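The following exercises concern a single protein chain. Each task is followed by a solution that proceeds step by step.

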Amino acid sequence: MWDSKSSVATCVSCCLVGVVYHQTLFVANLRDLRVVLGRKSVNGGGVVNAVRLSTEHNANLKSVSRLIGDVYMKHARYNKEPIVAKFILPEPMVMSIMSATPTILSHPIEAYDSFLIFAFDGLWEHLTNEEAVDIVHRSPHPGIAKRLVKVALQEAAKKREMRYWDLQVHPMMVMSLFEVLH
């Protein structure tokens, strides 16, 4: 599509996939997504601990970031006109800045492993691993994801000195709020 729609070279997406096979969890990650495991305490007492299983791929890493898309940062032949000038790198690309190869991890599932949270950085910017695990552990199963998003939005609204109610009245503000805080 380079000749007819060059803007595709600047599109980006992410992927976080989990598969359980023979009592092992395999996770493939591209971009700023995270998997956190809720694990029941070996000592009992109803305590559930947060175990981070993945690493986000973003500008905080010294290594090559990983994502789907943004081919203009992967191949020099797409880092030129006709893409929009703001995307063209100021110096010639010697090597890829981005990679589409996911990080793959494996985790043997143990008896105390209780649940997993797969989420985008919009959630993790406003909730710690422990806070998210605590919410899921305390919430009834139906509606857990909605509860996590609601708490994250409440925290985001506080950071912007807004009321959560304003987000409910103006749903388009939710997207712009996460974009501003990102």
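**Exercise 1. The sheet around E4**

Within strand E5, Val48 is the bridge partner of Lys40. The model is a predicted one. Starting from this pair, determine which strands form the sheet that contains E4, and in what order.

*Solution.*

Step 1. Consider the side of E4 that faces E5. Strand E5 covers residues 48-52, and E4 pairs with E5 in the antiparallel sense over 5 bridges.

Step 2. Turn to the pairing with E10. E4 and E10 are joined by 7 bridges, again in the antiparallel sense. Two residue pairs illustrate the register: Arg34 has Ala119 as its bridge partner in E10, and Arg39 has Asp113.

Step 3. Assemble the order. The result is an open sheet of 3 strands, E5-E4-E10, with antiparallel pairing. E5 and E10 are its edge strands, each pairing on one side only. From one strand to the next, the twist averages 25°.

Step 4. Add the helix. H2 packs on this sheet and touches E4, E5 and E10; the direction of H2 makes about 135° with that of E5.

Step 5. Examine the cover of E4. Of the 8 residues of this strand (33-40), 7 are buried, so E4 is mostly covered under the criterion of less than 20% relative accessible area.

**Exercise 2. The second sheet**

State which strands stand at the edges of the sheet E2-E3-E9, and what follows for their sides.

*Solution.*

Step 1. Establish the order. This open sheet has 3 strands in the order E2-E3-E9, and the pairing is antiparallel.

Step 2. Identify the edges. Strand E2 (15-21) and strand E9 (103-108) each have a single partner strand, so one side of each is left without a neighbour in the sheet.

Step 3. Give the geometry. Neighbouring strands of this sheet are turned by 15° against each other on average, direction ignored.

Step 4. Describe the pairing of E3 with E9. Strand E3 (residues 24-30) runs antiparallel to E9, and 6 bridges join the two. One of the residue pairs places Thr24 opposite Pro108 in E9.

**Exercise 3. From the loop into E3**

Decide for His22, Gln23 and Thr24 in turn: is the residue buried or exposed?

*Solution.*

Step 1. Take His22, in the loop between E2 and E3. Its relative accessibility is 64%, and therefore His22 counts as exposed. The phi of His22 is near 50°, a positive value in a residue other than glycine.

Step 2. Take Gln23, which has its place in the loop between E2 and E3. With 54% relative accessibility, Gln23 counts as exposed. Gln23 is not a glycine, yet has a positive phi of about 60°.

Step 3. Take Thr24, which lies in strand E3. A relative accessibility of 19% falls under the 20% limit, so Thr24 counts as buried.

Step 4. List the surroundings of Thr24. Leaving aside neighbours within four places in sequence, Thr24 is in contact with Val19, Ser106, His107, Pro108 and Ile109.

**Exercise 4. Nonpolar cores**

Which residues have the most contacts inside the largest nonpolar core, and which elements each supply at least two residues of this core?

*Solution.*

Step 1. Name the centre. The largest nonpolar core has 16 residues, and those with the most contacts inside it are Ile117, Leu123, Trp124, Leu127 and Leu148.

Step 2. Assign the contributors. At least two residues of this core come from each of strand E10 (113-120), helix H1 (121-124), helix H2 (129-138) and helix H3 (144-159).

Step 3. Inspect one member. Not counting residues up to four places away in sequence, Leu123 touches Ile117, Leu148, Val149 and Ala152.

Step 4. Separate the other core. Another core, of 8 residues, lies apart from the largest one; among its residues are Leu16, Leu33, Leu53 and Leu105.

**Exercise 5. Helix H3**

Compare the expected span of H3 with the distance between its end C-alpha atoms, and name the buried residues of H3.

*Solution.*

Step 1. At 1.5 Å a residue, the 16 residues of H3 should span 22 Å; the end C-alpha atoms are 23 Å apart, which agrees.

Step 2. Ile144, Leu148, Val151, Ala152, Leu153, Ala156 and Ala157 are the buried residues of H3.

Step 3. Just after H3, Glu161 takes a positive phi of about 55°.

Notes
Residues numbered from 1 in each chain as written. Predicted model: local features only at pLDDT ≥ 70, side-chain atom pairs only at ≥ 80, totals over all residues. Heavy atoms only, no water. Core = buried A, V, L, I, M, F, W, Y, C linked by side-chain atoms within 4.5 Å. Buried < 20%, exposed > 50% of the residue type's maximum accessible area, 1.4 Å probe, protein only. Helix = DSSP H or I, 4+ residues; strand = E, 2+ residues; numbered from the N terminus. Contact = heavy atoms within 4.5 Å. Pairing = 2+ DSSP bridges. Axes fitted to C-alpha atoms, helices over the stretch in contact; angles between N-to-C directions. Expected span 1.5 Å × (residues − 1).
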